Amino acid sequence: MNLQCFHLTVSGKWALLEMARPEKLNVIDEPALLELEEILQAIQEQGVKAVVLTGQGKAFAAGADVAAMAEMDSATAQLFSEMGNRIFQQIEDHPAVFIAAVNGYALGGGCELALACDLRYASTKASFAQPEVGLGIIPGFGGTQRLPRIVGPARAKEWVLTGQRFSAEEALTAGLVTRVLEPDKLLEEAVALAEELAKKSGPILALAKQAIAASGTGVDQSHTNKEAYLFGKCFATKDGPEGLRAFVEKRSPVFEDR
C-alpha cells in the first residue's frame, strides 16, 4: 500500500495505525477515509487481532475538512456522511479489536473515529468535542448514534447541542474512555493491551464483539443513513453554509435561523 494519510506497522498479530498528517491535525477528508478503508481490508486479510489507533503530533484527529465541506451542497454532503459512516462501521464490525489511544484533540470526526473503536485510552492532554452545531451542521460520521449509546442520551445531548470541549477526566467520568494516562505512558499501555489481545483467539474475539453489539450497543445502518440524510439537510439551510464559511474565514457566524 502507498499510504499518504496513515502509517501502519504490523507486529505479528497486532498493529499500530497512526494518522500521519500532524501538520493538518490529522484531518479526516475523503482521501483519508478511502485509505482507512483499504487498511481495514488489508489487516483483516493478514489476520490482525488488535489495532492501536492514534495520531501523530498534538492531535488524535481534529475533525473533518471544514474548507472542503464549505464547498459542498446538500447531496454531496450526504454522500460524504454516508462514506464516513460506512467506513467507521467497518471498524465496529471488524474482527480485530480497535483501541483508540487518544493523544490530543479528538474533535468532530476525530471524536467519532474514537467512538467507532472498541476501547478508548486517553492522554491527560486529550480533549473531546462534537462542535458541529456551532458550525451550522450536525455530526455526520455516527456521532449522533454512538455517543448516546456510550455516555447516555442526556450527556450526548449536552455534548452535541453545546459543542463544548471535555477533558480526558470528564470523558472518563462519562464512560467514554476507560483509562487516562500520562502522555509518555499512553502508547505503552495501549500497545501492552494490544499484545495481550493478540495472544487470544481471533475468531473468539470477533464473536465476542458481535455478541456485545447484539446487546443493543451496536449501530443500526438505518440510523446512520438517517444521520447522513439529516447531515445533508444542514447544507440546504442558510445557516449551514454560513457556519462553515465563517469557520474558514476565521470569523463568528451570523445565523439567520433559516
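Strand 3 and strand 5 (residues 97-102) run parallel to each other and pair over four bridges. Within that pairing, Leu53 finds its bridge partner in Ala100 of strand 5. Strands here are DSSP runs of E with at least two residues, helices are H or I runs of at least four residues, and both are numbered from the N terminus. Two strands count as paired if DSSP finds at least two bridges between them. Keep in mind that this is a predicted model: local features need pLDDT of at least 70, side-chain atom pairs count only at pLDDT 80 or more, and totals for chains, interfaces and linings use all residues. Residues are numbered from 1 along each chain as its sequence is written, and side-chain values use heavy atoms, with hydrogens and water left out.

**Around strand 3**

Strand 3 also has strand 2 (residues 14-19) as a parallel neighbour, joined to it by six bridges. Leu17 is matched with Leu53 there, and Ala15 with Val51. Strand 2, helix 1 (residues 30-45) and strand 3 together make a right-handed β-α-β unit; right-handed means that, with the strands pointing away from the viewer, the path from the first strand over the helix to the second runs clockwise.

How many of the six residues of strand 3 are buried? Six of the six, in residues 50-55, so the strand is largely enclosed by the rest of the structure. "Buried" means under 20% relative accessible area, "exposed" over 50%, and "partly exposed" in between, using a 1.4 Å probe and protein chains only. In a regular strand, side chains alternate between the two faces of the sheet. For strand 3, both faces are covered: Ala50, Val52 and Thr54 are buried on one side, and Val51, Leu53 and Gly55 on the other.

**The six-stranded sheet**

Zoom out and you find an open sheet of six strands in the order 1-2-3-5-7-10, with mixed pairing. Strand 1 (6-11) and strand 10 stand at the edges with a single partner strand each, so one side of each has no neighbour in the sheet. On average, neighbouring strands of this sheet are turned by 20° against each other, direction ignored. Angles run from 0 to 180 degrees between N-to-C directions, and the axes are lines fitted to C-alpha atoms, for helices over the stretch in contact.

Helix 8 packs on this sheet, touching strand 2, strand 3, strand 5, strand 7 (119-123) and strand 10, and its direction makes about 175° with that of strand 5. Helix 1 lies across strand 1, strand 2, strand 3 and strand 5, at about 10° to strand 1. Contact means heavy atoms within 4.5 Å.

Now for one residue in strand 7, Ser123. Ser123 is buried, at 1% relative accessibility. Leaving aside residues up to four places away in sequence, Ser123 touches Val102, Asn103, Ala168, Val180, Leu181, Pro183 and Leu186. Its side chain also reaches the backbone nitrogen of Lys125 at 2.9 Å.

**The four-stranded sheet**

There is also an open sheet of four strands, ordered 4-6-8-9, again with mixed pairing. Its edge strands are strand 4 (59-61) and strand 9 (166-167), each pairing on one side only. Strand 6 (residues 105-107) and strand 8 (residues 127-129) are parallel and share three bridges, with Ala106 standing opposite Phe128 in strand 8. Helix 4 (residues 109-116) lies across strand 4, strand 6 and strand 8, at about 95° to strand 6.

**Salt bridges**

Side chains of opposite charge can pair when their charged atoms come close. The structure holds 10 salt bridges, a salt bridge being a side-chain nitrogen of Lys or Arg within 4 Å of a carboxyl oxygen of Asp or Glu. Here are three of them, including their N to O distances.

| Salt bridge | N to O distance |
|---|---|
| Arg21 and Asp29 | 2.8 Å |
| Arg179 and Glu189 | 3.2 Å |
| Arg251 and Glu242 | 2.8 Å |

Arg251 is partly exposed at 35% relative accessibility, while Glu242 is buried at 10%. Salt bridges with shared partners join Glu242, Arg245, Glu249 and Arg251 into one network.

Are Asp29 and Arg21 buried or exposed? Asp29 is buried, with a relative accessible area of 11%, and Arg21 is buried at 9%. Arg179, in contrast, is partly exposed at 34%, and Glu189 is partly exposed at 24%.

Conventions
Polar contact = N/O pair within 3.5 Å; in protein donor to acceptor, adjacent residues only side chain to side chain.
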